[in-house]
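Please look over the sequence and the structure below before reading on. The report that follows takes up the chain as a whole and then a few chosen places in it.

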Amino acid sequence: MSTQQAVTQNEAAETRRAVSNILKGSAGNLVEWYDLYVYTVFAAYFQSHFFSSKDELQAGLEAMAVFSTSFLMRPIGSWFFGRYADRNGRKAALTLSVTMMSAGSFAIAILPTTQQIGVWALLLLILVRLVQGFSVGGEYGTSATYMSEAATSKRRGFFSSFQYVTLIGGQMLALLVLVILQNTLGKDVLTEWGWRIPFAIGGVAALVVLWLRRSMEETVSEEQVRAAKAPVAGEARPGTMKLLFTQHWKPLLICIGVTLGGTVAFYTYTNFILKFMNDTSGIAKTDTSVINFWALLIFMLLQPVYGMISDKVGRKPLLLWFGIGGVLLTWPLLSTLAGTKDPFTAFLLMMGGLLIVGGYTSINALVKAELFPASIRALGVGLGYAIANSLFGGTVPLIGAALQKAGQVDLFFTYVTVAISLSLLVYIFALKNKKTTHLDREQGDAWSPAAVAADDATDAGRRDDDKDLIDASRR
């Protein structure tokens, strides 16, 4: 066997291993985000069971307020699970996270209503959503870290993009369940008891993922775990706030800035837009469900494409695509959507927004993971994301619903545009393209001359192998 063949076989083995671990990690991410989003997707059907208001807009506002409370727990969840993952391993943290989310989904599926136990129903709903917010707060940072570490160095953009493939897939799956139930049970049955079915599905799916995650490979070194349990005197232990705030506070601020505009845009075009089409555009709920499903399906399939592009041109150009496009086109897209009642036109407008947002969603997890060393990566990524998400992304449905009710949707367009512009400044001045990162130093530099030369040699070797096969077939 030639040296080139050995290198090719070794790369193939690494790729197969990365694919296996990414699939196991992303399956849990899919279920976690399905369980989180199924609340907003079915809110219109169960809100009358928990909120006393007879005004549909007011009840919807109250439902979105409860949705937003789950974001209050995200920073706490990211701190707890990030610390846990940096000190005990990514696998242990991801397993615990999906267990908690499963318990929350089962709880909502059997939760008594206000008609049965009064105000306690609302209080229990809020409690469960806080638990799920705590869980998903840990899921994001840990899964972003795990997928970035499990990926091969030359394909990090591609492999890491599957975090948002599954994140979007979770929301799309919730919409698919909605469409199926709308067409099988009907509005009356859905409103009466059918809304419990999707929560039960999420609970069962989480148990399946719990079993899958048991066979995941760990990406944290034994040395890091030992250092966390037996620290050297005078040194900050891995996964601690002391280490984060004394040595890595600058990348933490960058992480928050990278996330701010992206999370606002993401929740606008994938979450709040469902209610926006219903209440502002006046499009029927059954039509908006179909629009959202197909738009999110295309958006989901585009994530690896964006990721592959980033592996060629770097991460910064994609973030600039999102930032510049978001600043220039948010107002035209949303204002036009507000005035249309045609479902196909609404689909095109939503798709236009998602094509812009894809520059952020596909690579943001990797960009953040590359900012921190392994000893503090899960905590830094998770906490930075959670802070920005809790303050800005999670409040999008609430702010949007409140401005809708006040007849001031124009102010919402401005809010989204300003948020994106703030992140654009971070992309321009705080990030460099194709710069050696912590992940590169730990696991190999995809941008180094040696790595590029190795890629060229591999491609040349593959071309030679192909030529030999062609010549042999001719003989």
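## A loop residue under cover

A residue counts as buried when its relative accessible area is under 20%. The model shown here is a predicted one, and Thr152 is a suitable place to apply that cut-off. Because its relative accessible area is 13%, Thr152 is buried, although Thr152 lies in the loop between H6 and helix H7 (156-160).

Which residues does Thr152 touch, when those up to four places away in sequence are not counted? They are Glu14, Thr15, Ala18 and Phe159. Gln443 stands 291 residues from Thr152 along the chain, and yet the C-alpha atoms of Thr152 and Gln443 are separated by 8.3 Å.

## The chain as a whole

The protein chain contains 22 helices and zero strands. Of its 475 residues, 55% are buried, and the accessible surface of the chain comes to about 19,300 Å², with 66% of that surface belonging to carbon and sulfur atoms. When the contacts with a separation of 6 or more are considered, 85% of them are accounted for by residues 24 or more positions apart.

## A nonpolar patch on the surface

On the surface there is a nonpolar patch of about 620 Å², made by Ile117, Val119, Trp120, Leu123, Leu124, Leu127 and Val131. Helix H6, which covers residues 119-150, gives the largest share of this patch, namely six residues.

Leu127 is one of the residues in the patch, and its place is in helix H6. Is Leu127 buried, partly exposed or exposed? With a relative accessible area of 47%, Leu127 is partly exposed, because the partly exposed class lies between under 20% and over 50%.

## Two helices side by side

Two packed helices are described by the angle between their axes and the distance between the axes. In this model, the axes of H3 and helix H18 (residues 377-393) come within 7 Å and cross at roughly 175 degrees, which means that H3 is roughly antiparallel to H18. On the side of H3, the residues that make the contact include Arg74, Ser78, Trp79 and Asp86, while on the side of H18 they include Arg377, Leu379, Leu383 and Tyr385.

Trp79, found in helix H3 (residues 74-88), is partly exposed, with a relative accessible area of 35%. Leaving out residues up to four places away in sequence, Trp79 touches Met241 and Leu379. Trp79 and Gly137 are 58 residues apart in sequence, and from C-alpha to C-alpha they are 8.3 Å apart in space.

Leu379 also appears among the contacts of Thr240, which, when neighbours within four places in sequence are left aside, are Arg87, Ile376 and Leu379. Thr240 lies in the loop between helix H11 (222-229) and helix H12 (241-247), and Thr240 is buried, with a relative accessible area of 11%.

## Salt bridges and a shared network

Side chains of opposite charge can pair when their charged atoms come close. How many salt bridges are counted in this model? The count comes to eight.

Arg90 takes part in a salt bridge with Asp86, in which the closest N and O atoms are 2.6 Å apart, and both Arg90 and Asp86 are buried. The side chain of Arg90 also meets that of Glu149 in a salt bridge of 2.8 Å, N to O. Because Glu149 lies in helix H6 and Arg90 in helix H4 (residues 90-109), this pair ties together parts that are 59 residues apart in sequence. Glu149 and Arg90 are both buried.

A further salt bridge joins Asp311 and Arg315, with the closest N and O atoms 3.1 Å apart. Asp311 counts as buried at 12% relative accessibility, and Arg315 counts as buried at 8%. Elsewhere, salt bridges that share partners join Asp86, Arg90, Glu149, Arg377 and Glu442 into one network.

## A buried serine

Ser310 lies in helix H14 (residues 285-313), and because its relative accessibility is 0%, Ser310 counts as buried. With neighbours within four places in sequence left aside, Ser310 is in contact with Gly157, Arg315, Leu318, Ile363 and Trp447. Arg315 is thus named twice in this report, as a contact of Ser310 and as the salt-bridge partner of Asp311.

Terms used: Residues are numbered from 1 along each chain as its sequence is written. This is a predicted model: local features need pLDDT of at least 70, side-chain atom pairs count only at pLDDT 80 or more; totals for chains, interfaces and linings use all residues. Side-chain values use heavy atoms; hydrogens and water are left out. Patches are made of residues with over 30% relative accessible area and no salt bridge: like charges are joined within 9 Å, nonpolar side chains (Val, Leu, Ile, Met, Phe, Trp, Tyr) within 5 Å. Accessible areas come from the Shrake-Rupley method with a 1.4 Å probe; for residues, only the protein chains shown count as cover. A salt bridge is a side-chain nitrogen of Lys or Arg within 4 Å of a carboxyl oxygen of Asp or Glu. Helices (H or I, at least four residues) and strands (E, at least two) are DSSP runs, numbered from the N terminus. Buried means under 20% relative accessible area, exposed over 50%, partly exposed in between (1.4 Å probe, protein chains only). Contact means heavy atoms within 4.5 Å. Axes are lines fitted to C-alpha atoms, for helices over the stretch in contact, and angles run from 0 to 180 degrees between N-to-C directions. Angles under 35 degrees count as roughly parallel, over 145 as roughly antiparallel, 65 to 115 as roughly perpendicular and the rest as oblique.
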